[in-house]
Amino acid sequence: MNTKYIFISGGVASSLGKGIIASSLAKLLQARGLRVTIQKFDPYINIDPGTLNPYEHGECYVTEDGAETDLDLGHYERFLGVYTSKANNVTTGKIYHTVITKEREGAYLGKTVQIVPHITDEIKRRMLLLGRTGEYDVILTEIGGTVGDMESQPFIEAVRQLQWELPEEDVMCIHLTLIPYLNAAKELKTKPTQHSVQTLQQAGVKPDVIVCRTEHPLSPELRRKIALFCNVRPGHVIQSIDAWSIYQVPLNMHEEHLDELAVRKLQIDNYAQPDLVRWRGFLDRLAHPSHEVEIVLVGKYVELQDAYKSIQEAFVHAGAAHDCKVNVRTVQSEYVTEDTVAEMLKGADGILVAPGFGERGLEGKICAVRHARENGIPFLGICLGMQMCVVEFARHVLGWPDAVSAEVDPKSPHPVICLMEEQKSTTIKGGTMRLGAYACRLQPGSLAATLYGRTDISERHRHRYEFNSAYLTDFEAAGLKATGHNPDTGLVEVVELPAHPFFIGVQFHPEYKSTPEHPHPLFTGLVDAALQYHNDHA
C-alpha cells in the first residue's frame, strides 16, 4: 500500500482546533491498526517557536531529537503515544532558509528563484518526507493559519499540486470551519463556511470532507445545504460540536464516521474496526472521579493557558490514573511575596513551580518554594522551578542570602545555578539550548527511583543553566540531596528533600512525555501526595 496523505486546513477563524481534529482522526486510524503520524506546517517566518514569547505562541514543545516545535505536536504525541521529530514541524522560515541557502550554493544553476516552483517544491518535498521513510501508512498534515491568509498561500498551493500529482486514492483534504450561532436570530449561519470553502476552491483545492465546529447540533437540512453550496457529498459534512474534554473528540469523530470516510476515500482495505477500549476507560475515569485536589501552578505566563499546555494535560492524565479531579489554579509569580504567599497559596494540596526564563517573577517562585518546604506541602519544581528550589534552600537553610542564579547575577558570590560550560561560547539564541532527550541515572531508593520504578531514565530538556556542582557537598550536608545525574556529564538532574513528605525538583521537562494511556510518574506521584495531604488536612 502506498503511503496515504491527509491534509487539514482551517477557515473562518483561527483556534478552531485543527490540531485536535488531526489528532483525533490519527488516533482512530491508529486504533484500526494503521501506522500513523502527524506533521504541522506553520506559516510564520521564525525558524521555529523557540525564540517566541509564550504570550505570542503558547508553549514551545520539545521533541526527543531536540526540535523546538509548535504546541500541537504535544497533542499529536499525547493522542498517538508516538514520538514526533524535527521533520514533523515545518515553518515558512525553514522553507525559505533552505531555498535561499541552496540558491547561494548555486543549486538552481542561475535560475530565477520564485515562490512557484522553488518554494512550493520545497514545501512538497517536506510534506512527503516522512512518507518516504516507509515507516507510516498514513501521514496527516495540519496547515497552520486560516485559508485566505497571505502567509498560508504557498502551503495551499503545494497541497493543490499534490492533489494533482499523487494518485487520487492517496490524497484526502479536510477543511475545518466554523458555523456561528446568532443568538438574536436563534439560528446557525452557514455563509462564513460557504465563503471559506469557496476561497479554498478558488486556490484549486477541493475538500473531500468539511468538518464544522459548532456549539449546536447541525440538522440534516443544514448539512445538505452546506454540501450543496460547498460541492461535497451530503454525508461528507460532519459536525465537531463542543466537547467536555479534548479526549472525547476522537469518539465524537468516530460517531460522525470521519475515520470511515478516510479509509474509503484512501481505499484502505486491510483495516479493522478501531480498538478504543483503553481510551474509553481513560475517559470514563476522567468523567467520574471519586476524589478532588487542588494544585497551585506558580508561573510567570499564567494569563495564557496554552503557555503551560503540557503541564495542564499531564495533570489531567495523572488525575484520571488516581480516579481524581485535579483542579489546577494558576498564580502569577510576579505577585507572590513574603507578605502575600500564604494567602495566594491558601488551599493548595500541592504546588508546582513552572519553567520559564528571565528575572521577572523569580522572587515569587522562591517564596512559593519556601512555603511548600516549610509547610510540608507536596512540591514539584520543573526546570527553572527546580533551580529556584536550589536558590531558596541556599538562602534560607544554608544561610546564603545572596545566593542566586547566574542568569540573574553572573557576579554573585554564591551562583548556585550557573551557565552550562558548552553554553558559554554561544551567542545565537535560537536552537542552541540543551534540547531533547538525555539519559539520567537515579539514586536507588530515592523518591524519583521509587516513582519511576527504575534507576535509568531518559527525559527531555530545554535549558542553558544548571546546578552548580561546586556547592553540592554543602547542599547534601544540609539535607537537599542530588538523586539524579546525567551519567556522562555529571549534570545534576534531580534534587529531593528526603525529610519532606514529597519535595522534588527536576531539571528536565517530564510533562512532555505524559499521555492519557501512560501518565508521567512524577505527576501521578504529586497527585497521590496531594490526595494524602488533602485527606490529612480535611
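This report describes the overall form, the cores and several individual residues of a predicted protein model.

## Overall form

The protein has 538 residues, and its radius of gyration is 25 Å, which agrees with the value near 24 Å that a compact globule of this length would have. Along the principal axes, the C-alpha trace spans about 75 × 60 × 45 Å. The chain forms 18 helices and 23 strands, and buried residues account for 57% of the 538 residues. Among contacts between residues at least 6 apart in sequence, 73% join residues that are at least 24 apart.

The accessible surface comes to about 22400 Å², and 50% of that surface belongs to carbon and sulfur atoms. The protein carries 52 positive and 68 negative charges, and the mean positions of these two sets are 5 Å apart.

## Two nonpolar cores

The largest nonpolar core holds 47 residues, of which Ile-6, Leu-25, Leu-29, Val-138, Leu-140, Ile-174 and Val-209 touch the most other members. Helix 1, which covers residues 18-31, supplies the largest share of this core, with 8 residues. Apart from this core lies another one, of 41 residues, and its members include Val-391, Ala-394, Phe-467 and Tyr-533.

Leu-29 gives a closer view of the packing: leaving out residues up to four places away in sequence, Leu-29 touches Ile-6, Leu-34, Val-36, Val-138, Asp-259, Ala-262 and Val-263. Among these partners, Asp-259, Ala-262 and Val-263 also appear in the list of buried residues of helix 10, together with Leu-258 and Leu-261. The buried residues of helix 10 pack against strand 1, helix 1, strand 7 (171-178), strand 10 (209-214), strand 11 (237-241) and helix 9. After helix 10 comes Gln-267, whose phi is positive, near 55 degrees.

## Buried and exposed positions

Several residues can be set side by side by their relative accessible area and the resulting class.

| Residue | Relative accessible area | Class |
|---|---|---|
| Ile-295 | 0% | buried |
| Ser-152 | 2% | buried |
| Lys-300 | 4% | buried |
| His-257 | 44% | partly exposed |
| Ser-15 | 73% | exposed |

Ile-295 is part of strand 12. Not counting residues up to four places away in sequence, the residues that Ile-295 touches are Phe-315, Val-326, Asn-327, Val-328, Arg-329, Gly-350, Leu-352, Leu-526 and Ala-530. Ile-295 and Leu-345 are 50 residues apart in sequence, and in space they are 9.4 Å apart, C-alpha to C-alpha.

Lys-300 sits in the loop between strand 12 (291-299) and helix 12 (309-321). Lys-300 counts as buried because its relative accessibility is 4%, under the 20% limit for that class. Apart from neighbours within four places in sequence, Lys-300 is in contact with Tyr-55, Tyr-308, Gln-332, Ser-333, Phe-357, Gly-358, Glu-359, Arg-360 and Lys-365. By C-alpha atoms, Lys-300 is separated by 49 Å from Leu-228, which lies 72 residues away along the chain.

Ser-152 is also a loop residue, placed between strand 6 (138-143) and helix 6 (153-165). When residues up to four places away in sequence are not counted, Ser-152 touches Pro-43, Gly-144 and Thr-146.

## Backbone details

Ser-15 and His-257 can be read for their backbone angles as well as for their exposure. Phi of Ser-15 is near 60 degrees, a positive value in a residue other than glycine, and Ser-15 belongs to the loop between strand 1 (4-10) and helix 1. Phi of His-257 is likewise positive, near 70 degrees, in a residue other than glycine, and His-257 is found in the loop between helix 9 (249-255) and helix 10 (258-265).

One further backbone feature concerns a proline. Val-116 and Pro-117 are joined by a cis peptide bond, with omega about 20 degrees, and Pro-117 has its place in helix 5, which covers residues 115-129.

Notes. Residues numbered from 1 in each chain as written. Predicted model: local features only at pLDDT ≥ 70, side-chain atom pairs only at ≥ 80, totals over all residues. Heavy atoms only, no water. Core = buried A, V, L, I, M, F, W, Y, C linked by side-chain atoms within 4.5 Å. Buried < 20%, exposed > 50% of the residue type's maximum accessible area, 1.4 Å probe, protein only. Helix = DSSP H or I, 4+ residues; strand = E, 2+ residues; numbered from the N terminus. Contact = heavy atoms within 4.5 Å. Rg over C-alpha atoms; globule rule 2.2 N^0.38 Å. Areas by Shrake-Rupley, 256 points an atom, 1.4 Å probe, with all protein chains shown as cover. Lys, Arg positive; Asp, Glu negative; His and termini not counted. Charge placed at Lys NZ, Arg CZ, Asp CG, Glu CD.
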